[in-house]
Amino acid sequence: AKEAGKNGLRFFDPAMQAAVEERVALENDLRQGLRDNQFRLFCQPQVDAQGKLCGGEVLIRWQHPVRGLVMPNHFIPLAEQTDLIIPIGEWVLRRTCETLVEWERHPSLKQISLSVNISVNQIRADDFVERVLSIVNDCGTNPARLMLELTESLMAEDVEGIIFKMNALRENGVRFSVDDFGTGYSSLSYLKRFPLAELKIDQSFVKEIPENQNDAVITEIIIALARQLGLAVLAEGVETMDQFNFLLRNGCGYFQGYLFGKPCAIEFFSSNFANLMAA
Ligand code: C2E
Ligand code: CA
Ligand code: CA
Ligand code: CA
């Protein structure tokens, strides 16, 4: 790297320069997107062992005037690096809380919980607890309907500080789920110190069950672990009946994946998934 710096090739590498320019353009577009209200909420159904609708995961999309519908993997990482994730995350939470209030009026939707993805940078902010509670209060949302999804990487951070914030929200009724469980490096001894309600088995383990012996064993162990700790366990990325049956047989309680429904604009959630409500 030193050599490249000396002869200047690195600086004038056109591919790298283009990447830097695209990053700057994307960041400017993200700021504009916030101002112009270009973000959209999608929602994917979550079902119980009877296949009945019990929740949904809120997933952000970006409706850009030129780029089209941009998926989160293309802008959330940059948002996290630039702290734009703070206003974007607050927007997601507010819209979710407003949706939950609207759903209170629907007999078939009022029991449903919504899960929201929270970045580590968000919970790191000193005023995270106050911000979440003020949004919940502003909207008049029942906090028991709100689940916050955190990833395992969080458990390697300021553990005491994070547990303190989680407890403060938990005492107000908000629940927590560990997203992508099994892909990080969480210490199992730490797991029971966090006030958790749910583990979400990462879709990479679900993908090849039941054929892949390793994945089958890992999945069985995560389900057993969750049950032992008194936590709900949800499998993500369920696409086939074979996967669903294997998970059911092994005691998994909740499911999410294309087998039940793909994410759709949250406005169409109830009409799109009416079939799961009747189940
Ligand atoms: P995630 O939290 O692990 O979300 C699950 C992803 O799996 C979603 O992708 C969903 O559309 C996809 N998926 C669901 N079921 C299936 C299936 O059966 N098969 C396959 N192949 N995929 C399935 P999506 O919507 O593109 O989101 C990607 C990631 O972006 C999310 O991963 C999450 O980490 C992040 N993300 C999404 N919305 C937000 C947000 O509001 N805030 C933050 N901080 N991150 C978000
Ligand atoms: Ca998630
Ligand atoms: Ca996940
Ligand atoms: Ca993921």
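**Entry 1: the first hairpin**

Which residue takes a positive phi in the hairpin of β1 and β2? I looked this up before anything else, bearing in mind that I'm working from a predicted model. It's Gly51, with phi near 80 degrees, and the hairpin has four residues between the strands. Strand β1 covers residues 39–48, and its pairing with β2 is antiparallel, over nine bridges. To get my bearings across that pair, I picked out Arg40 and found it opposite Arg61 in β2.

**Entry 2: following β2**

I stayed with β2 and listed its other partners. Strand β4 (residues 113–117) pairs with β2 in the parallel sense, over four bridges. Gly56 has Leu114 as its bridge partner in β4. Strand β3 (residues 68–70) pairs with β2 as well, this time in the antiparallel sense and over three bridges. On that side I noted Gln63 standing opposite Leu69. The hairpin joining β2 to β3 runs through three residues.

Why is β2 largely enclosed by the rest of the structure? I checked burial along the strand: 10 of the 12 residues in 53–64 are buried, so β2 is indeed largely enclosed. A reminder to myself for when I look at strands on screen: side chains in a regular strand alternate between the two faces of the sheet.

**Entry 3: two helices side by side**

Next I went to α5 and α7. How far apart are their axes, and at what angle do they pack? Helix α5 (residues 85–103) and helix α7 (residues 128–139) have their axes 9 Å apart, at an angle of about 30 degrees. The crossing is right-handed.

I then wrote down who makes the contact. From α5 it's Ile86, Glu90, Leu93, Arg94, Cys97, Glu98 and Val101. From α7 it's Arg131, Val132, Ile135, Val136, Asp138 and Cys139. Sorted by class, the contact has eight nonpolar residues, five charged ones and no polar ones.

**Entry 4: Ser177**

Is Ser177 buried or exposed? Its relative accessible area is 0%, so Ser177 counts as buried. It sits in strand β6, residues 175–181. I wanted to know what its side chain does in there, and found a polar contact with the side chain of Glu198, at 2.7 Å. Leaving out residues up to four places away in sequence, Ser177 touches Met147, Leu148, Glu149, Leu150, Glu198 and Lys200. Glu198 therefore turns up twice in my notes on this serine: as a residue it touches and as its side chain's polar partner.

**Entry 5: Ile201 and Thr219**

I moved to strand β7 (residues 198–201), where Ile201 lies. Its relative accessibility is 0%, so I put Ile201 down as buried. Not counting residues up to four places away in sequence, Ile201 touches Phe181, Val206, Thr219, Ile222, Ile223, Val233, Leu234, Ala235 and Glu236.

Thr219 is on that list, so I looked it up from the other side. Thr219 is found in helix α11, residues 213–228, and it's buried too, with a relative accessible area of 0%. What does Thr219 touch? With the same sequence neighbours left out, I get Ile201, Phe205, Ile209, Phe246 and Leu247.

I also took one distance back to the helix pair: Ile201 and Arg94 are 27 Å apart in space, C-alpha to C-alpha, and 107 residues apart in sequence. Arg94 is one of the α5 residues in the contact with α7.

**Entry 6: backbone oddities**

Where is the cis peptide bond I flagged? It joins Ile209 and Pro210, with omega at about 0 degrees. Pro210 is in the loop between α10 (203–206) and α11. Ile209 had already come up among the residues that Thr219 touches.

I also went through positive phi values in residues other than glycine. Asp83 has one, at about 70 degrees. It's in the loop between α4 (76–82) and α5, and is partly exposed at a relative accessible area of 46%. Asp180 has one as well, near 55 degrees. This residue is found in strand β6, the strand that holds Ser177. At 24% relative accessibility, Asp180 counts as partly exposed, while Ser177 is at 0%.

Key
Residues numbered from 1 in each chain as written. Chains lettered and ligands numbered in written order. Heavy atoms only, no water. Buried < 20%, exposed > 50% of the residue type's maximum accessible area, 1.4 Å probe, protein only. Polar contact = N/O pair within 3.5 Å; in protein donor to acceptor, adjacent residues only side chain to side chain. Contact = heavy atoms within 4.5 Å. Pairing = 2+ DSSP bridges. Axes fitted to C-alpha atoms, helices over the stretch in contact; angles between N-to-C directions. Left-handed = near helix turned anticlockwise from the far one by under 90°. Nonpolar A, V, L, I, M, F, W, Y, C, P; charged D, E, K, R; others polar.
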